[in-house]
Amino acid sequence: MKFKATNLCKAFLKPIKVDILKNINLEVGAEESVAIMGTSGVGKSTLLHILGTLEKPDSGTLVFGEDPHQNLTQIRNQEVGFIFQSFFLIDHLTVLQNVLMPAKIARKPLNKKSEAYLRALELLKRVGLYDRRNQLTKTLSGGEKQRACIARALCNNPSIIFADEPTGNLDQETSKIVQDLLLETIRIEKKSLIVVTHDEKFAASCDRVYHLKEGVLTQDQACFFFD
């Protein structure tokens, strides 16, 4: 599914007005991966949250697919998946219950023969956590928790995944494993990906790289490759 953001603007008003995003334009095609980089505090997470409809811009538009007249709440539930640096897993629930949470929020059937339940099991196999599906998430390592988050983000079979520093809390070795798994899973699932990251190698593995600086988003021309 094609995704397009047009002229997104966002300002913080206190203690003084700061234009954090200035006329941001971004298009992401089906099955395309895009990385957004920039220094800490520049507004990358704010931009990602707006792109993923978690926050509203002061102005500008978002279009998922071809129809400009959309219910963004419905789009968020059906077409968007999220992966966060801090996991946001529910410790007192099992790994499987956490992965099924988006389906539960969308009020989908969750019995053992349901589409959502069977998909959750398949995703847990794909990320290597099937054998731990009935364990509480608090027993998992950081890398395992992020793998569970990848499965959770894909549970509702969304078209696009937004990932905010998904390896920021992991050591270098575990980070590389999770990065490779995320990119491989996105490829197999035929999803689009927009990821905020500080990791240049991770970003270089994506189809395109953008930098956010002083509220302006620019494409890294070094990321063009020719056969």
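**A walk through the sheet and two of its helices**

Let me begin with strand E3, residues 33-37, which is mostly covered, with 5 of its 5 residues buried, where buried means under 20% relative accessible area, exposed means over 50% and partly exposed lies in between, using a 1.4 Å probe and protein chains only. Helices (H or I, at least four residues) and strands (E, at least two) are DSSP runs, numbered from the N terminus.

Before going further, I should say that this is a predicted model, in which local features need pLDDT of at least 70 and side-chain atom pairs count only at pLDDT 80 or more, while totals for chains, interfaces and linings use all residues. Residues are numbered from 1 along each chain as its sequence is written, and side-chain values use heavy atoms, with hydrogens and water left out.

Back to E3, then. In a regular strand the side chains alternate between the two faces of the sheet. In E3 both faces are covered, with Ser33, Ala35 and Met37 buried on one side and Val34 and Ile36 buried on the other.

What are the neighbours of this strand? E3 is joined by 4 bridges to strand E7, residues 192-196, and the two run parallel; here, two strands pair if DSSP finds at least two bridges between them. Within that pairing, Ala35 stands opposite Val195 in E7. E3 also pairs with strand E8, residues 208-213, again in the parallel sense and over 4 bridges. On the E8 side, Ala35 has Val209 as its bridge partner, Ile36 has Tyr210, and Met37 has His211.

Stepping back to the whole sheet, we find 6 strands forming an open sheet in the order E5-E6-E7-E3-E8-E9, with mixed pairing. Its edge strands are E5 and E9 (216-219), each of which pairs on one side only. From one strand to the next the twist averages 20 degrees, bearing in mind that axes are lines fitted to C-alpha atoms, for helices over the stretch in contact, and that angles run from 0 to 180 degrees between N-to-C directions. Helix H6, residues 142-154, packs on this sheet and touches E5 and strand E6 (160-164), its direction making about 165 degrees with that of E5; contact, throughout this talk, means heavy atoms within 4.5 Å.

At the E9 edge, E8 and E9 run antiparallel and are joined by 4 bridges, one of which pairs Lys213 with Val216 in E9. These two strands form a hairpin with 2 residues between them, and Glu214 in the turn has a positive phi of about 55 degrees.

At the other edge, Phe84 lies in strand E5, residues 80-84. Is Phe84 buried or exposed? Phe84 counts as buried because its relative accessibility is 18%. Leaving aside residues up to four places away in sequence, Phe84 touches His49, Leu54, Gln146 and Asp164.

Finally, a pair of helices: H5, residues 115-126, and H7, residues 172-189, pack at an angle of about 135 degrees with their axes 11 Å apart. That makes H5 oblique to H7, because angles under 35 degrees count as roughly parallel, over 145 as roughly antiparallel, 65 to 115 as roughly perpendicular and the rest as oblique. In their contact, Arg119, Leu123 and Arg126 in H5 meet Leu181, Thr185, Ile188 and Glu189 in H7. One of these, Ile188, is 104 residues from Phe84 in sequence and 21 Å from it in space, C-alpha to C-alpha.
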